[in-house]
Amino acid sequence: MIQDIQPHHLDNQYKAVPPDKDSFALYYEDHAVLMKKTEDGITFPRFCELERLNEDIYEGAVYLFSVDEYRYYLVREINREPLSEFTMENTEVFRREYPRYHAFAGITGYQLYNWYKNRKYCGRCGHMMVPDERERMLRCEECGNMEYPKICPAVIVGVTDGNRILMSKYAGRAYKHYALIAGFTEIGETVEQTVAREVMEEVGLKVKNIRYYKSQPWAFSDTLLMGFYCDLNGDDTIRLDENELAVAEWFGREDIPEPVSLESLTNEMIMQFKNGAV
């Protein structure tokens, strides 16, 4: 999956340390990121490659995390070389590019970029937020409001019935491949209750024997995904919520189509079932 970057290690503990010339600079504009494609895969500019046109780049950089011994920082409003090898690419590139540790760093940085961008002003009193020096937090000096990075819990659900699994396609989304039932946890709800509710809402089925599989950070939607398998409880007639899903149908193990990639928890869970591991 996208976070599986071994033998490399992501250290996301906040550190109030300035960048050096070899630190990586992550620069985003909406859904695009500044990067370069080489024979060895993707890479990001180092500060030494940007400093000639950006004298103050070291002063405004925000520490994000480290991968092994290299530090990554968020930078804003930079000047770029007109003929530079670094170009702005859509962040969807991180689903497929290598090396995987750079792809994971790039999409994780994108999640933090969005958080900083969307929390510029205090949601309580409207004053400017300022970064805390000890932890990853923004503080309003006017009213004392504190904001931490947003992480939305959500479930991925493999509904099984003996040798069959329920697969679906989203309605009105760019992603057109088969997926599993999914949804966000509501306030006051356990994740197990989310599983049962989402399955009932989207396909009208009851489930039992809900069991946890594993989790995945999914920065494309500020989400912490939690995967569950569960068994059909009773009637298998699908009653489709057409606002959420374009199609939902039962697949036997031998009929499950191969996923287009294995970067997501969804596709791993599908393949676990297809290969008889579940």
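This is a conversation about how to read a predicted model of one protein chain.

Biologist: Let's start with the overall picture. How many helices and strands does the protein chain have?

Modeller: Keep in mind that the model is predicted. The protein chain has four helices and 17 strands. Its C-alpha atoms fill a box of roughly 65 × 50 × 35 Å along the principal axes. Of the 278 residues, 47% count as buried.

Biologist: And what do the contacts say about sequence separation?

Modeller: Take the contacts between residues at least 6 apart in sequence: 65% of them join residues at least 24 apart.

Biologist: On to sheets. In what order do the strands of the four-stranded open sheet come?

Modeller: The order is β1-β6-β7-β2, and the pairing is mixed. At the edges stand β1 (10-11) and β2, each with a single partner strand, so one side of each has no neighbour in the sheet.

Biologist: Where does the mixed pairing show up? Which pair is parallel and which antiparallel?

Modeller: Strand β2 (residues 24-26) and strand β7 (residues 70-74) are the parallel case, with three bridges. There, Leu-26 has Leu-74 of β7 as its bridge partner. Strand β6 (residues 62-67), on the other hand, runs antiparallel to β7, and five bridges join them. To trace that register by eye, find Phe-65 opposite Tyr-72 in β7, then Val-67 opposite Tyr-70 in β7.

Biologist: What happens at the turn between β6 and β7?

Modeller: The hairpin has two residues between the strands, and Asp-68 takes a positive phi near 55°.

Biologist: Which helix lies across this sheet?

Modeller: Helix α2 (residues 100-118) does: it lies across β1, β2, β6 and β7, running at about 155° to β6.

Biologist: There's another open sheet, with three strands. What is its order?

Modeller: β9-β10-β11, with antiparallel pairing. The edge strands are β9 (129-131) and β11 (146-147), each pairing on one side only. Strand β10 (residues 138-140) pairs with β11 over two bridges, and Leu-138 has Glu-147 of β11 as its bridge partner.

Biologist: Now the backbone oddities. Where are the cis peptide bonds you'd point out?

Modeller: One runs from Gln-6 to Pro-7, with omega near 10°. Pro-7 sits in the segment before β1. Another joins Tyr-98 and Pro-99, with omega about -5°. Look for Pro-99 in the loop between β8 (87-90) and α2.

Biologist: Which residues other than glycine have a positive phi?

Modeller: Besides Asp-68 in its hairpin, try Glu-77, with phi of about 50°. Glu-77 is in the loop between β7 and β8. Asn-209 also has a positive phi, near 50°, but you'll find Asn-209 in strand β15 (residues 207-218).

Biologist: Are those two buried, partly exposed or exposed, and why?

Modeller: Glu-77 has a relative accessible area of 75%, so Glu-77 is exposed, the cut-off being over 50%. Asn-209 is at 45%, which falls between the 20% and 50% limits, so Asn-209 counts as partly exposed.

Biologist: Can you show me a charged residue to put beside them? Where does Glu-198 lie, and why does it count as buried?

Modeller: Glu-198 lies in helix α3. Its relative accessibility is 7%, and because buried means under 20%, Glu-198 counts as buried. Leaving aside neighbours within four places in sequence, Glu-198 is in contact with Ile-181, Ala-182, Gly-183 and Phe-184.

Biologist: Last topic, pockets. What is the general idea for finding empty space?

Modeller: You roll a probe the size of a water molecule over the atoms, and that shows where empty space is left. In this model, the largest pocket has a volume of about 820 Å³.

Biologist: Which residues should I centre my view on?

Modeller: The lining of the largest pocket has 32 residues, and those nearest its centre are Arg-95, Tyr-170, Arg-173, Trp-218 and Ser-221.

Biologist: Which elements supply the lining, and how does it divide by class?

Modeller: At least two residues each come from α2, β12 (152-161), β14 (181-184), α3 (191-203), β16 (223-232) and α4 (265-274). By class, the lining has 15 nonpolar, ten polar and seven charged residues. Helix α2 is worth a second look: besides supplying this lining, α2 lies across β1, β2, β6 and β7.

Conventions:
Residues numbered from 1 in each chain as written. Predicted model: local features only at pLDDT ≥ 70, side-chain atom pairs only at ≥ 80, totals over all residues. Heavy atoms only, no water. Pairing = 2+ DSSP bridges. Contact = heavy atoms within 4.5 Å. Axes fitted to C-alpha atoms, helices over the stretch in contact; angles between N-to-C directions. 1 Å grid on protein atoms, 1.4 Å probe; cavity = no way out; pocket = protein on both sides within 12 Å on 5 of 7 lines; lining within 4 Å. Points joined across faces, edges and corners; volume = space filled by probe spheres on them. Nonpolar A, V, L, I, M, F, W, Y, C, P; charged D, E, K, R; others polar. Buried < 20%, exposed > 50% of the residue type's maximum accessible area, 1.4 Å probe, protein only.
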